[in-house]
Amino acid sequence: ADIPVIPDLEEVQEEDLAMQVAAPPSVQVNRVLTYHDLDKDLMKYAAFQTLDGEVDLKLLTKVLAPEHELREDDVSWDWDHVFTEVSSELVTEWDLGQSERED
C-alpha cells in the first residue's frame, strides 16, 4: 500500500503551477577588501611573509607595485581602428624584413 506511484502527465498538467512563486534565495554579502586594506594586511601579518613555512616572500612584497601604478583608465576599443593599427604594424615589419634581406 505504501508503494510510491509516478503520476501521469495528465495529472501534472492539471495542477496550476502558474500562481506558485518560489522564494528568492538569500545571499550573504561579504565585504570586498580594497587594495589599501590588502597592502596593510600584507605588511602587518608575518604569515604573509612566508609560503608554506618554507618560501620567503619578503623580496616579493618589497617589489610589488603600488595600486596607483596599476590603475589604468578604461579605454573603449574600436575593432576597425585596432585592426588597422595591427595590420599597419605587421606590414611595416614585413617591409623592413624584406628590405634587410635585399641588402
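Which residues form a nonpolar patch on the surface?

**View 1. The nonpolar patch in this predicted model.** Look for L33, Y35 and L38: these residues make up a nonpolar patch on the surface. Together, L33, Y35 and L38 offer about 280 Å² of accessible area.

**View 2. A close look at Y35 in helix α2.** Helix α2 covers residues 35-44, and Y35 belongs to it. Y35 counts as partly exposed because its relative accessibility is 44%, and that class lies between the 20% and 50% cut-offs. Y35 is also one of the patch residues from View 1.

**View 3. Strand β1 and helix α5, the two ends of the confidence scale here.** Strand β1 (residues 50-51) has the lowest confidence, with a mean of 65. Helix α5 (residues 79-102) has the highest, at 90. Where pLDDT is low, don't read the predicted coordinates in detail. For the protein, the mean pLDDT is 78, and 79% of the residues get to 70 or more.

**View 4. Stepping back to the protein's elements and surface.** Five helices and two strands are present, in the order α-α-β-β-α-α-α from the N terminus. Just 5% of the 103 residues count as buried. About 10,700 Å² is exposed, with 57% supplied by carbon and sulfur atoms.

Technical notes: Residues numbered from 1 in each chain as written. Predicted model: local features only at pLDDT ≥ 70, side-chain atom pairs only at ≥ 80, totals over all residues. Heavy atoms only, no water. Patch = residues over 30% accessible without salt bridge, like charges linked within 9 Å, V, L, I, M, F, W, Y side chains within 5 Å. Areas by Shrake-Rupley, 256 points an atom, 1.4 Å probe, with all protein chains shown as cover. Salt bridge = Lys/Arg side-chain N within 4 Å of Asp/Glu carboxyl O. Helix = DSSP H or I, 4+ residues; strand = E, 2+ residues; numbered from the N terminus. Buried < 20%, exposed > 50% of the residue type's maximum accessible area, 1.4 Å probe, protein only. pLDDT = per-residue confidence, 0-100.
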